[in-house]
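Work through the exercises below with the sequence and the model side by side. Each task is followed by a solution in steps.

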Amino acid sequence: MTKPPRKKSQPLLRETDAPIRSRPRKPRDPAQPQLPFDPMPDRIEPCLALLKAKPPSGPDWIYEIKWDGYRIAVHIEPNSVRIITRGGHDWTDRFPAIAAAARKLGVGTAILDGEAVVLDAEGRSDFGALQRSLGGRGGRQASGDAILYAFDLLYFDGYDLTKMELSGRRHLLDDLIGESEGVIRLSQEVEADGAELLAAACKYGLEGIIAKHRDRPYRPGRLGDWLKIKCIQSESFVIVGYEPSAAALGGIGRLLLAAYRDAALVYVGSVGTGFKEREANELRRMLETLKTKRPPVTVEKQGVVFTQPTLIADIQYRAWTDDGKLRHAAYKGLREVHDNADIYKLS
């Protein structure tokens with residue numbers, strides 16, 4: 001399936017084969033603005049992957065496995081480490097093992113971009129397991145099981161790398177992390193044909209793959225520099241109510257889901273599978289506090305309990321019906337507000 005690997009190139013031209021390791025630097029002197037160091041940003045808006053049905057082909061693209069977890073940026077400074085969520089919230093205390101591993105990288109200053117995940121017994125990322133390790137949505141539990149798959153390096157040794165092409169950033173990241181199998185790992189670039197890699201990922205039960213243009217700088221938003229191609233569709237939807245059931249876990253027969261069409265919420269179907277007992281009980285407790293007599297959407301069902309459109313669920317599904325409803329949907333877990341998950345938008 002894979003092509004022969006390219007000859008490993010050196011990140012920088014050096015006289016020694018020793019790996020690059022930065023050293024803590026003194027803060028920039030405001031009286032000497034000509035010094036060629038860039039101030040470390042408090043936060044960098046993330047580059048996001050645009051969903052596509054098929055992977056691109058050609059030498060301009062590299063491929064990685066798509067990890068299913070929480071997108072985070074790890075800010076490393078000489079005397080501190082901060083872990084920032086996609087929504088800009090400080091979650092350093094939620095991922096203590098990742099923070100401790102970052103302190104041991106031997107780098108003075110750096111910003112790593114990656115995905116915090118929990119792996120199952122087969123080495124696949126499991127979003128539900130990650131949620132449980134954090135105590136569920138709204139929980140304040142620290143995860144001792146989460147690891148970081150780093151896939152980009154945005155700042156290094158006093159320099160902003162976001163204007164550098166991806167291939168250059170990847171060389172430096174590979175040099176920094178190497179082949180570590182610890183808490184911080186490199187999300188490997190896979191040398192393969194995109195279609196063949198996607199087929200292999202789907203056969204193995206992975207969520208999909210990511211394709212990235214190797215010559216592009218790091219640009220925030222969904223501009224098409226990064227693409228995501230999924231084996232099974234998975235998106236975030238708003239919970240707008242539930243159907244009670246005495247026989248179901250947590251007393252929840254089905255969750256009612258909605259997506260946005262322009263600025264309005266529209267009912268897109270329901271989901272009744274994928275719940276774990278503990279998750280279902282906690283979910284029912286939260287839904288009880290959000291009951292409302294004013295339906296957020298129009299639903300032609302009897303016996304429905306409507307709720308305020310506050311909770312965001314990660315839903316896996318196979319397809320859409322002709323009348324705009326989800327087919328073969330399964331519940332994966334709740335998204336945190338801090339994760340800044342995109343609620344699905346109908347065209």
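**Exercise 1. Two aspartates**

Is D262 buried or exposed? Settle this for the predicted model, then set D262 beside D157 in backbone angle and location.

Solution.
- Step 1. The relative accessible area of D262 is 75%. Exposed means over 50%, so D262 is exposed.
- Step 2. D262 sits in the loop between β12 (252-261) and β13.
- Step 3. Phi is positive at D262, about 60°, although the residue is not a glycine. Most residues other than glycine have a negative phi.
- Step 4. D157 also has a positive phi, about 55°, and is not a glycine either. The loop that holds D157 runs between β6 and β7 (159-160).
- Step 5. The relative accessible area of D157 is 15%. Buried means under 20%, so D157 is buried.

**Exercise 2. A residue in β13**

Describe the surroundings of V271, beginning with its strand and ending with its contacts.

Solution.
- Step 1. Strand β13 covers residues 264-271, and V271 belongs to it.
- Step 2. V271 has a relative accessible area of 0%, so it counts as buried.
- Step 3. L256 is 15 residues away from V271 along the chain, yet the C-alpha atoms of the two are separated by 6.8 Å.
- Step 4. Leaving out residues up to four places away in sequence, V271 touches G253, R254, L255, L257, I315, A329, A330 and Y331.

**Exercise 3. The sheet around β9**

What is the strand order of the open sheet of 4 strands? Place β9 in that sheet and follow its pairings, then look at H213.

Solution.
- Step 1. The order is β1-β10-β9-β2, and the pairing is mixed. The edge strands, each pairing on one side only, are β1 and β2.
- Step 2. β9 runs antiparallel to strand β2 (residues 61-65), and 5 bridges join the two. In this pairing I62 stands opposite K212 of β9.
- Step 3. β9 also pairs with strand β10 (residues 226-230), in the antiparallel sense and over 5 bridges. Here A211 has L227 of β10 as its bridge partner.
- Step 4. In β9, 6 of 6 residues are buried.
- Step 5. H213 lies in β9, which covers residues 208-213. Its relative accessibility is 11%, so H213 counts as buried.
- Step 6. With neighbours within four places in sequence left aside, H213 is in contact with D60, W61, L166 and D225.

**Exercise 4. Helix α1 and the largest nonpolar core**

Which residues of α1 are buried? Show how they are arranged on the helix, what covers them, and how I98 takes part in the core.

Solution.
- Step 1. The buried residues of α1 are I98, A99, A101 and A102. They fall within an arc of 165° when seen down the helix axis, so they line one face of α1.
- Step 2. An α-helix has 3.6 residues a turn, so residues three or four places apart point the same way.
- Step 3. The cover over the buried residues of α1 includes β3, β4, β5, β6 and β8.
- Step 4. The largest nonpolar core has 34 residues, and those touching the most other members are V74, I76, F95, I98, L112 and L153. Elements that each supply at least two residues to this core include α1 (96-103), α2 (127-133) and α3 (166-177).
- Step 5. Beyond its neighbours within four places in sequence, I98 is in contact with I72, V74, I83, A116, A146, I147, L148, V183 and I184.
- Step 6. Another core lies apart from the one that holds I98. This other core has 25 residues, among them L257, M286, A329 and L334.

**Exercise 5. The largest pocket**

What is the volume of the largest pocket, and which residues are the closest to its centre?

Solution.
- Step 1. The volume is about 780 Å³.
- Step 2. The lining of the largest pocket consists of 35 residues, and the closest to the centre are A49, K66, R86, R222 and K228.
- Step 3. The strands that each supply at least two lining residues are β1 (50-51), β2, β3, β9, β10, β11 (233-244) and β18 (330-335).

Definitions and conventions: Residues numbered from 1 in each chain as written. Predicted model: local features only at pLDDT ≥ 70, side-chain atom pairs only at ≥ 80, totals over all residues. Heavy atoms only, no water. Buried < 20%, exposed > 50% of the residue type's maximum accessible area, 1.4 Å probe, protein only. Contact = heavy atoms within 4.5 Å. Core = buried A, V, L, I, M, F, W, Y, C linked by side-chain atoms within 4.5 Å. Pairing = 2+ DSSP bridges. Arc of directions from axis to C-beta. 1 Å grid on protein atoms, 1.4 Å probe; cavity = no way out; pocket = protein on both sides within 12 Å on 5 of 7 lines; lining within 4 Å. Points joined across faces, edges and corners; volume = space filled by probe spheres on them.
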